Amino acid sequence: MILFAVIVIVGLAAAAPYATLDPALSRIKLDTGYPLHYPLLVVHIFTALIALLTGPFQFLARLCKTRLPLHRLLGSVYLASILVSGATGLAVAFHDGSFTKQMAFVTLSALWLLTAWRGYRTIRQGDVAGHRVWMMRSYGITLVAVTARLAVPVCILFYVAAKGLPGTAGIARMIDAILQVNIWLGIILNLVIMEWSLIRKGNR
């Protein structure tokens with residue numbers, strides 16, 4: 001419940017500026033030469049939020065056993081939201097001004113689509129155990145959106161420890177440097193934690 005509360009708070013905070021549909025409030029610098037950048041970004045963010053909020057219900061054993069139709073419905077919503085969010089994520093990734101962040105978002109979207117696809121294919125093949133493993137991996141990738149944001153304060157501490165306190169003019173430079181790596185940190189941390197968890201449980 002604590003983890004779910006953190007997920008809800010971080011997810012809603014990230015999506016809130018886009019609820020107004022005002023491009024001026026975008027936290028991501030928009031490509032003025034690409035008119036679809038903002039609309040696709042909004043679709044990406046809100047479908048990602050749906051995946052973030054519906055994902056945890058896939059792992060409730062009681063729901064799977066006693067309300068299988070609801071489990072399947074929520075699973076379909078989860079997978080559909082990843083399909084849309086992953087595809088729009090790829091579409092907007094190449095319009096980020098930073099090549100490092102472009103590659104991070106492309107990698108994230110590709111892993112997201114791949115793990116969701118494997119989760120779908122395994123259950124269609126009747127492999128319930130394999131389905132659970134791949135859905136765990138899929139939600140681990142979904143949670144990168146949360147991990148990457150929670151990593152920012154930690155990165156600030158490391159930055160200050162390595163380079164000292166930045167002056168007023170250096171704060172923007174510090175934040176930009178951190179935002180170059182926080183998505184990569186989220187991907188690596190979540191993959192390591194998820195695979196370690198699966199190994200401990202004896203899943204392959």
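**Note on an all-helix predicted model**

1. The buried residues of α2 pack against five other helices: α1 (2-15), α4 (68-93), α5 (99-124), α6 (128-142) and α7 (144-163). The model is a predicted one. Helix α2 itself covers residues 37-54, and its buried residues are His-37, Tyr-38, Leu-41, Val-42, His-44, Ile-45, Thr-47, Ala-48, Leu-49, Ala-51, Leu-52 and Thr-54. From first C-alpha to last, the 18 residues of α2 reach 26 Å, close to the 26 Å expected at 1.5 Å a residue.

2. On the overall fold, the protein has nine helices and zero strands, and its pattern along the sequence reads α-α-α-α-α-α-α-α-α. The radius of gyration is 18 Å, close to the 17 Å that the globule rule gives for 204 residues, so the protein is as compact as a globular protein of that length. Along the principal axes, the C-alpha atoms fill a box of roughly 55 × 40 × 30 Å.

3. Of the 204 residues in the protein, 39% are buried. Among contacts with a separation of 6 or more, 66% join residues 24 or more positions apart. The accessible surface comes to about 11900 Å², and carbon and sulfur atoms account for 71% of that surface.

4. On charge, the protein carries 18 positive and 6 negative side chains. The centres of these two sets lie 14 Å apart.

5. Helix α6 deserves its own entry. Eleven of its 15 residues are buried, so α6 is largely enclosed by the rest of the structure. Those buried residues are Gly-130, His-131, Val-133, Met-135, Met-136, Arg-137, Ser-138, Tyr-139, Gly-140, Ile-141 and Thr-142. They pack against α1, α2, α4, α5, α7 and α9 (182-200). The end C-alpha atoms of α6 are 21 Å apart, which agrees with the 21 Å that its 15 residues should span at 1.5 Å a residue.

6. Gly-119 sits in helix α5 and is buried, with a relative accessible area of 0%. Which residues does Gly-119 contact, leaving aside its neighbours within four places in sequence? They are His-131, Trp-134 and Met-135; of these, His-131 and Met-135 are listed among the buried residues of α6. Gly-119 and Thr-142 are 23 residues apart in sequence, and their C-alpha atoms are 13 Å apart in space.

7. The loop between α1 and α2 holds Ile-28, which counts as partly exposed at 29% relative accessibility. Not counting residues up to four places away in sequence, Ile-28 touches Tyr-18, Leu-41 and Asp-96. Leu-41 is one of the buried residues of α2. Tyr-38, another buried residue of α2, is ten residues from Ile-28 along the chain, with 9.2 Å between the two C-alpha atoms.

8. A backbone point to check concerns Leu-21, also placed in the loop between α1 and α2. Most residues other than glycine have a negative phi. Leu-21 is not a glycine, yet its phi is positive, at about 60 degrees. Is Leu-21 buried or exposed? Leu-21 is exposed, with a relative accessible area of 56%, whereas Ile-28 in that loop is partly exposed.

Key:
Residues are numbered from 1 along each chain as its sequence is written. This is a predicted model: local features need pLDDT of at least 70, side-chain atom pairs count only at pLDDT 80 or more; totals for chains, interfaces and linings use all residues. Side-chain values use heavy atoms; hydrogens and water are left out. Helices (H or I, at least four residues) and strands (E, at least two) are DSSP runs, numbered from the N terminus. The expected span of a helix is 1.5 Å times one less than its number of residues. Buried means under 20% relative accessible area, exposed over 50%, partly exposed in between (1.4 Å probe, protein chains only). Contact means heavy atoms within 4.5 Å. The radius of gyration is taken over C-alpha atoms; the globule rule is 2.2 Å times the number of residues to the power 0.38. Accessible areas come from the Shrake-Rupley method with a 1.4 Å probe; for residues, only the protein chains shown count as cover. Lys and Arg count as positive and Asp and Glu as negative; His and the chain ends are not counted. The place of a charge is taken as NZ of Lys, CZ of Arg, CG of Asp or CD of Glu.
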